[in-house]
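Reader: Before we turn to details, could you take me through this model step by step, beginning with its overall architecture and ending with its charged side chains?

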Amino acid sequence: MNLLLDTHSLLWVYWNDPKLSTTAAQLVTDPTNRVLVSPASYWEIAIKIKTSKLVLRESFLDFVRHAILDNGFAILPIEPAHCDQLTTLPFHHKDPFDRLLVAQTLAEDIPILSIDPILDAYGIQRLW
């Protein structure tokens, strides 16, 4: 199964954070699943670093290499079809990064790994 990580899920997987649910951890480590990361997530992380809302113990590029690439996660490019979803997507969620993640899950018809229950309003499959 293909599944998209929400930004917090990516961080919690990398940090082995206990906030990551058992189900989420199992889905990420299941070798039959293809774990995807949106550029929106590492873009959001870069902005959080700049605004001092997030501090990493390594450079941003090292983080990307270790958290995404070394874990075997794939990058899901932002495609025009994903942005097309944004033209009609209701404003249940105001965060532009989360909205783009929702648009990607809708366009790709894949679940998202997220703790955020607001995403359920979009009728997407949210796993946690």
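Author: Read from the start of the sequence, the elements of the protein come in the order β-α-α-β-α-α-β-α-α-β-β. This is a predicted model, and the description that follows should be read with that in mind.

Reader: How many helices and how many strands are there in the protein?

Author: The order of elements along the sequence is β-α-α-β-α-α-β-α-α-β-β, where each α stands for a helix and each β for a strand. Counted over the protein, this gives six helices and five strands.

Reader: What radius of gyration does the protein have, and what would a compact globule with 128 residues have?

Author: Along its principal axes, the C-alpha trace spans about 40 × 35 × 25 Å. For a compact globule with 128 residues the radius of gyration would be near 14 Å, and the value for the protein agrees with this, being 14 Å.

Reader: What share of the contacts with a separation of 6 or more is made by residues 24 or more positions apart?

Author: As background, 45% of the 128 residues of the protein count as buried, and the protein exposes about 6,900 Å², of which carbon and sulfur atoms supply 56%. Among the contacts with a separation of 6 or more, the share that comes from residues 24 or more positions apart is 65%.

Reader: Is Leu 4 buried or exposed, and what is its relative accessible area?

Author: Leu 4 belongs to strand β1, which covers residues 2-5. Leaving aside residues up to four places away in sequence, Leu 4 touches a set of residues that includes Leu 36, Val 37, Leu 76, Leu 101, Ile 110, Ile 112 and Leu 113. Since a residue counts as buried under 20% relative accessible area, Leu 4 is buried, with a value of 0%.

Reader: What distance separates the C-alpha atoms of Leu 4 and Pro 117?

Author: Leu 4 and Pro 117 are 113 residues apart along the chain. In space, the separation of their C-alpha atoms is 15 Å.

Reader: Which residue meets Glu 44 in a salt bridge?

Author: The structure holds three salt bridges, and one of them involves Glu 44, a buried residue with a relative accessible area of 9%. Its partner lies four residues apart from Glu 44, about one turn of the helix, and both are in helix α3 (residues 39-50). That partner is partly exposed, with a relative accessible area of 30%. With an N to O distance of 3.9 Å, the residue is Lys 48.

Reader: What is the N to O distance in the salt bridge of Asp 62 and Arg 65?

Author: Asp 62 and Arg 65 both lie in helix α4 (residues 60-69), three residues apart, which is about one turn of the helix. Asp 62 is partly exposed at 26% relative accessible area, and Arg 65 is likewise partly exposed, at 37%. Their side chains meet with an N to O distance of 3.0 Å.

Reader: With which residue does Asp 120 form a salt bridge?

Author: Asp 120 counts as partly exposed, with 38% relative accessibility, and its partner is also partly exposed, at 24%. The closest N and O atoms are 2.7 Å apart, and the partner is Arg 126.

Reader: How far apart do the centres of the positive and negative side chains lie?

Author: The protein has 10 positive and 15 negative side chains. The centres of these two sets are separated by 8 Å.

Definitions and conventions:
Residues are numbered from 1 along each chain as its sequence is written. This is a predicted model: local features need pLDDT of at least 70, side-chain atom pairs count only at pLDDT 80 or more; totals for chains, interfaces and linings use all residues. Side-chain values use heavy atoms; hydrogens and water are left out. A salt bridge is a side-chain nitrogen of Lys or Arg within 4 Å of a carboxyl oxygen of Asp or Glu. Helices (H or I, at least four residues) and strands (E, at least two) are DSSP runs, numbered from the N terminus. Buried means under 20% relative accessible area, exposed over 50%, partly exposed in between (1.4 Å probe, protein chains only). The radius of gyration is taken over C-alpha atoms; the globule rule is 2.2 Å times the number of residues to the power 0.38. Contact means heavy atoms within 4.5 Å. Accessible areas come from the Shrake-Rupley method with a 1.4 Å probe; for residues, only the protein chains shown count as cover. Lys and Arg count as positive and Asp and Glu as negative; His and the chain ends are not counted. The place of a charge is taken as NZ of Lys, CZ of Arg, CG of Asp or CD of Glu.
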